[in-house]
2 protein chains.
Amino acid sequence: MLAISQMPHRAVVEHLVRQAVYQRLGKPVPGSFAGPNPLLVNVSARHCHLTQEAAETLFGKGHELTVHKWLYQEGQFAAKETLTLIGPRSRVISNLRILGPCRNINQVELAYTDGIALGFDLPLRLSGDIKGTLGCMLMGPAGFFEMPEGVIRALRHVHMSPEDANFYGVKNGDAMRLRIGGRCGLVLDKMLARVDAAFKLEVHIDTDEGNACNLQPDTPCELMK
Amino acid sequence: MLAISQMPHRAVVEHLVRQAVYQRLGKPVPGSFAGPNPLLVNVSARHCHLTQEAAETLFGKGHELTVHKWLYQEGQFAAKETLTLIGPRSRVISNLRILGPCRNINQVELAYTDGIALGFDLPLRLSGDIKGTLGCMLMGPAGFFEMPEGVIRALRHVHMSPEDANFYGVKNGDAMRLRIGGRCGLVLDKMLARVDAAFKLEVHIDTDEGNACNLQPDTPCELMK
């Protein structure tokens, strides 16, 4: 299993093959396929980020999150551990996935559909910008943890390296657009560019956005300035 | 209450006022506000349509659907009656709203989010085109009704009169686009124009689409060819 997880992502292989084929044909590579890196568009289902302190309150002293699945961004993973979220109207979301590793804030990212189910008026925020937002109660096998704030709907965004930013002609914080094809395609406006040398090119949209256009692994996507 | 329900829709009043104000200012009315009718964009939550026969099997012999709320399209209403839907994997959706009056087919319209919850691979279909789709079991207070087919995700569409179609320069069956503004705005492609003299100008999108862009009553929307 370890060997498989260290193989390049399927999108990376496809990108290299596509570029090689066009080169062989002597034709220019079209659109965003011409970029230095493949474009991945991934749906983030609802999840939370925890501090080590919160993780220990919920799962027991000295507990460390365990890897369920590595994510595309280096070092990030979906943990085996899940939580129960109790909203301000005592409605519940079970099996809320935790993303690791632990961070320096506690934050829950939900879709508006989840917010409506909880009776929660979700604020639209950049991840990390949680000041003044509502909180919730989290329940784990070892106890409860009360989050005074931090329940948000995350702004849609695209992670990219400076090399990618240069290709697309954008800088950190710029708004981009993402065209998603298919029979119920759409164009997402105000896709925030987040540029960092550690980032791999990847768009994160939520389940509402993914389901609005029935995003599948083979759905064509194009990132635009 | 009857008096209120017979008043013009708020959108109609706003449209008339907006046109009058621009006329007074001696300026041209911008964009789709210049059209003969106001543009309403409404979110259709999951619902079903029933034949009279199915309604009687579910609610009892001679039962007639009762009006909970009149919809914008003339004569259409959300019924007081709701159903329980049982999917092919025995998962359940409760309180499924029925839209009246009865039709000549049974059809359930769900969002992809609902389909995923049911473990159901929803086909994307034009309303009424249900041949070869999966069915489900419906449960009402008087009995069960087995739908052999008819569970779909409806194609996004816009109802309009020939007068509206003329203004937008489209004909029945054409694909249009809808721009929805706001902080997480988007453009919905392949919005099907459905033209009929009985139709009032109204876009129907589903809950995934409405929640992807957090559509609110005051969110600016623009319908485009």
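Here is a friendly conversation about a predicted model with chains A and B.

Colleague: Glad to be looking at this with you! By what turn can chain A be laid on chain B?

Modeller: The superposition of chain A on chain B has an RMSD of 0.0 Å, with a shift of 0.0 Å along the axis. The two copies are thus related as by a two-fold rotation axis. The turn is 180 degrees.

Colleague: And what percentage of the interface residues of chain A are also interface residues in chain B?

Modeller: The copies meet through the same surface, because the interface residues of chain A are also interface residues in chain B. The share is 100%.

Colleague: Let's go inside. Which residues have the most contacts within the largest nonpolar core?

Modeller: That core has 44 residues. One of those with the most contacts inside it, B:Leu178, touches residues including B:Leu39, B:Val41, B:Met191 and B:Leu223, not counting residues up to four places away in sequence. The residues you want are A:Leu178, A:Leu223, B:Leu178 and B:Leu223.

Colleague: Now the second largest pocket: which element gives the most to its lining?

Modeller: This pocket has a volume of about 620 Å³ and is lined by 22 residues, with B:Ala11, B:Glu14, B:Leu39, B:Pro217 and B:Thr219 nearest its centre. In chain B, α2 (10-25) and β1 (40-44) each supply at least two lining residues. With five residues, the element that gives the most is α2(B).

Colleague: How many residues of that lining are nonpolar?

Modeller: The lining of the second largest pocket has a mixed make-up. Seven of its residues are polar and four are charged, and the nonpolar ones number 11.

Colleague: Does B:Leu215 count as buried or exposed?

Modeller: B:Leu215 sits in the loop between α6 (207-212) and β15 (221-224) of chain B. Beyond its neighbours within four places in sequence, B:Leu215 contacts B:Val41, B:Val43, B:Ile180, B:Ile205, B:Gly210 and B:Cys221. Its C-alpha atom is 8.9 Å from that of B:Asn42, 173 residues apart along the chain. The relative accessibility of B:Leu215 is 17%, under the 20% cut-off, so the residue counts as buried.

Colleague: One last residue: what is the relative accessibility of B:Gly128?

Modeller: B:Gly128 lies in the loop between β7 (124-125) and β8 (136-140) of chain B. Leaving aside neighbours within four places in sequence, B:Gly128 is in contact with B:Ile105 and B:Gln107, while its C-alpha atom and that of B:Ser94, 34 residues apart along the chain, are separated by 23 Å. B:Gly128 counts as partly exposed, because its relative accessibility is 44%.

Methods:
Residues numbered from 1 in each chain as written. Chains lettered and ligands numbered in written order. Predicted model: local features only at pLDDT ≥ 70, side-chain atom pairs only at ≥ 80, totals over all residues. Heavy atoms only, no water. Core = buried A, V, L, I, M, F, W, Y, C linked by side-chain atoms within 4.5 Å. Buried < 20%, exposed > 50% of the residue type's maximum accessible area, 1.4 Å probe, protein only. Contact = heavy atoms within 4.5 Å. 1 Å grid on protein atoms, 1.4 Å probe; cavity = no way out; pocket = protein on both sides within 12 Å on 5 of 7 lines; lining within 4 Å. Points joined across faces, edges and corners; volume = space filled by probe spheres on them. Helix = DSSP H or I, 4+ residues; strand = E, 2+ residues; numbered from the N terminus. Nonpolar A, V, L, I, M, F, W, Y, C, P; charged D, E, K, R; others polar. Least-squares fit on C-alpha atoms with pLDDT ≥ 70 in both.
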